[in-house]
Amino acid sequence: MRRTLTAATLALLALTSPAWAQQRPLVTEDPETIGAGNVLVEGGVDVAHDVFYPVSGLQGNLVRLPTLGLSFGLSSIAELQIDGGLYNRLSISSRTPAPLSGMLDVTGNSTSDVEDIVLGTKIRVLSETETRPSIGVRFATRLPNAGNESGLGLDTTDFLATMLLGKTVQSIRVVGNVGLGILGDPTRGDRQNDVLLYGLSVARAVQQGLEVVGEINGRVNTRGGEPPPGTDSRGIVRVGGRFTRGTVRVDAGLLFGLTSRDPSVGFTAGATWVFKGFTVP
């Protein structure tokens, strides 16, 4: 019994450690930060089947390799995040007329581009107690690195603001996100669409260093009538697992789309490394 309780305690500590506040393979943000002076590096590969791009009219199977993320612990309660990717490749299965399909510079049965970079800042406002969840906020900007000539980008700049909640109950960690996304209209420079951002994730420690995880994450269009192209409702369910040993974590998961715009099914796998990078004065 004593060995069992010790193992459960260690698993719980691994689950709630601030150094693992980032949650690959999940995307719902934990309010906990990585800690002052720490640096988090993560990378992975995503494969998604039957993805549809409503602005370019392209549909097919998408490979993202590698997806990259960097986080820097600016203090005990704040961190800077940089997320993106070097190579996205879509194997095209069909083309349909779309608002910007005339701008495509795609002649074969595939197209590729970089991933849009997201710059974000996360701040933990309140620490978790026995009766209260931890609370944080995150502000982020998505930059237009991918071009609409490839069919994979929108050439718009988006702003995201999210409230983050997190609570651990025994060996289960529950995290919730709710916020506002201001998304630019890729067809008109004088119009935007405000969407509701949401996320709910659960992680359960099953033994020392091993967790099973799941989430639902996406956005809801709030505009009456037809939303601007590329700003419609989206949602994805992810399920998977993570294994942590020392300062390294490996993960894998399956994803299932909730709308016709999302991939019907997909797979993700990657790794995360946290280390002491600098001293905060």
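**Exercise 1. Work out how β2 pairs with β3, and where that pairing sits in the overall fold.**

Step 1. In this predicted model, take strand β2, residues 58–73. It runs antiparallel to β3, and 14 bridges hold the pairing.

Step 2. Pick out one facing pair: F72 sits across from L80 of β3.

Step 3. Now zoom out. The two strands belong to a barrel closed by 12 strands, in the order β1-β2-β3-β4-β5-β6-β7-β8-β9-β10-β11-β12, with antiparallel pairing. On average, and ignoring direction, neighbours in this sheet are turned by 20° against each other.

**Exercise 2. Find the nonpolar surface patch that L80 belongs to, and say which elements give two or more residues to it.**

Step 1. List the members: V41, L70, L74, L80, I82, L119, F243, V248, V250 and W273 make a patch of about 750 Å².

Step 2. Sort them by element. β3 (78–95) and β11 (248–257) are the ones giving two or more residues.

Step 3. Check one member. V248 is in strand β11. Its relative accessible area is 37%, so V248 counts as partly exposed, since that class runs between 20% and 50%.

**Exercise 3. Explain why the E215–R238 salt bridge ties together separate parts of the chain.**

Step 1. Start with the general idea: oppositely charged side chains can pair when their charged atoms come close.

Step 2. Check the distance. E215 and R238 meet at 3.2 Å, N to O, and the cut-off is 4 Å.

Step 3. Place the partners. E215 is in strand β9 (residues 210–221) and R238 is in strand β10 (residues 234–245), so the bridge ties together parts 23 residues apart in sequence.

Step 4. Add the surroundings: both E215 and R238 are buried. The whole structure has 17 salt bridges.

**Exercise 4. D232 has salt bridges with R219 and R261. Work through each contact.**

Step 1. Take R219. Its closest N and O atoms with D232 are 3.8 Å apart. R219 lies in strand β9 and D232 in the loop between β9 and β10, 13 residues apart.

Step 2. Are these two buried or exposed? R219 has a relative accessible area of 18%, so it counts as buried. D232 is buried too, at 11%.

Step 3. Move on to R261, which meets D232 at 2.8 Å, N to O. R261 lies in the loop between β11 and β12 (265–276), while D232 is in the loop between β9 and β10, so this bridge ties together parts 29 residues apart in sequence.

Step 4. Finish with exposure: at 23% relative accessible area, R261 is partly exposed.

How values were computed
Residues are numbered from 1 along each chain as its sequence is written. This is a predicted model: local features need pLDDT of at least 70, side-chain atom pairs count only at pLDDT 80 or more; totals for chains, interfaces and linings use all residues. Side-chain values use heavy atoms; hydrogens and water are left out. Patches are made of residues with over 30% relative accessible area and no salt bridge: like charges are joined within 9 Å, nonpolar side chains (Val, Leu, Ile, Met, Phe, Trp, Tyr) within 5 Å. Accessible areas come from the Shrake-Rupley method with a 1.4 Å probe; for residues, only the protein chains shown count as cover. A salt bridge is a side-chain nitrogen of Lys or Arg within 4 Å of a carboxyl oxygen of Asp or Glu. Helices (H or I, at least four residues) and strands (E, at least two) are DSSP runs, numbered from the N terminus. Buried means under 20% relative accessible area, exposed over 50%, partly exposed in between (1.4 Å probe, protein chains only). Two strands pair if DSSP finds at least two bridges between them. Axes are lines fitted to C-alpha atoms, for helices over the stretch in contact, and angles run from 0 to 180 degrees between N-to-C directions.
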